[in-house]
Amino acid sequence: SNFLSISFRKEKFDDFNELIGKLESEKPINTHHQKILFQRLLQFKLLYRINFGIIDDAEALAKQVEEGLGRFSIALSTEKVLIMNIAILLFIAEKFNLCLEWSDKIMTRTKDKVRLDINRGIYFIKLVSSYEIGEFEILDNVTRSANRFFNKEKSQHLPYFLKFLSQFRIV
């Protein structure tokens with residue numbers, strides 16, 4: 001997995017699928033290694049697909065992540081990263097209903113202070129996804145929730161969010 005990480009950082013993708021295949025064929029020796037393999041493998045698979053727009057197996061990956069999250073106890077920050085990346089991949093794949101479901105997995109946890117960047121970003125994904133499928137009641141609820149979140153956070157991102165929202169309403 002270290003070589004995979006280095007390959008990704010150095011943008012050397014020629015052997016990426018081969019490395020993923022090797023990792024997938026690994027036989028972890030215990031539950032801890034299974035958990036680490038799950039986290040690392042899915043993180044790289046998701047990042048690779050997001051960056052290259054590979055969306056054909058988005059739903060299958062979502063199922064893998066869901067099963068892994070149910071099976072392993074992992075750090076909240078890692079869990080949020082995996083969920084956010086699945087939401088992004090589903091968004092790219094225009095699977096907006098599923099994207100909303102995955103977004104809700106983060107939206108129910110916006111009170112915690114772990115990975116605030118993900119908490120902020122999920123509002124944008126949920127806003128656009130609800131618009132895309134014509135769920136204007138959800139859109140209205142998310143807009144109000146996002147306003148409360150950004151105002152409560154006293155975020156430096158509040159002006160950006162308000163500008164985005166005003167431009168989004170024009171659409």
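# A tour of a nine-helix chain

**R115 and its loop.** Select R115, which is placed in the loop between α6 and α7. Helices here are DSSP runs of H or I of at least four residues, and strands are runs of E of at least two, numbered from the N terminus. The model is a predicted one, in which local features need pLDDT of at least 70 and side-chain atom pairs count only at pLDDT 80 or more, while totals for chains, interfaces and linings use all residues. Residues are numbered from 1 along each chain as its sequence is written, and side-chain values use heavy atoms, with hydrogens and water left out.

R115 has a positive phi of about 55 degrees, although R115 is not a glycine. Most residues other than glycine have a negative phi. With a relative accessible area of 32%, R115 is partly exposed, because that class lies between buried (under 20%) and exposed (over 50%), using a 1.4 Å probe and protein chains only.

**E94.** Next, select E94, in the loop between α5 and α6, the latter spanning 96-107. E94 is also not a glycine, and its phi is positive, at about 60 degrees. Is E94 buried or exposed? Its relative accessible area is 57%, so E94 is exposed.

**K80.** Move to helix α5 (residues 76-92) and select K80. Its relative accessibility is 0%, and K80 therefore counts as buried. Show the side chains of K80 and D112: a polar contact of 2.6 Å joins them. (Such a contact is a pair of N or O atoms within 3.5 Å; within protein, one must be able to donate a hydrogen and the other to accept it, and residues adjacent in sequence count only if both atoms are side-chain atoms.) With neighbours within four places in sequence set aside, K80 is in contact (heavy atoms within 4.5 Å) with I106, R109, D112, V114, R115, I118 and N119. R115, where the tour began, is thus one of the contacts of K80.

**I122.** Now select I122 in helix α7 (residues 116-132). I122 counts as buried, at 0% relative accessibility. Its contacts, apart from neighbours within four places in sequence, are M84, A87, S103, I106 and M107. I106 also appears among the contacts of K80. Add L100 to the selection: L100 and I122 are 22 residues apart in sequence, and their C-alpha atoms are 9.5 Å apart.

**α3 against α4.** Colour helix α3 (residues 31-52) and helix α4 (residues 58-71); their axes are 11 Å apart and the packing angle is about 155 degrees. Axes are lines fitted to C-alpha atoms, for helices over the stretch in contact, and angles run from 0 to 180 degrees between N-to-C directions. α3 and α4 are therefore roughly antiparallel, and their crossing is left-handed. In α3, show Q34, F38, L42, K45, L46 and R49, which meet L61, Q64, V65, G68, L69 and R71 in α4.

**α4 against α6.** Keep α4 and add α6: the two pack at about 25 degrees, with axes 12 Å apart. E59, A62, V65 and E66 of α4 make the contact with L98, W102 and K105 of α6. α4 and α6 are therefore roughly parallel (angles under 35 degrees count as such, over 145 as roughly antiparallel, 65 to 115 as roughly perpendicular and the rest as oblique). The crossing of α4 and α6 is left-handed, meaning that the near helix is turned anticlockwise from the far one by less than a right angle, whereas clockwise is right-handed.

**The whole chain.** Finally, display everything: the chain has nine helices and zero strands. Of its 171 residues, 44% count as buried. Among contacts between residues at least 6 apart in sequence, 61% join residues at least 24 apart.
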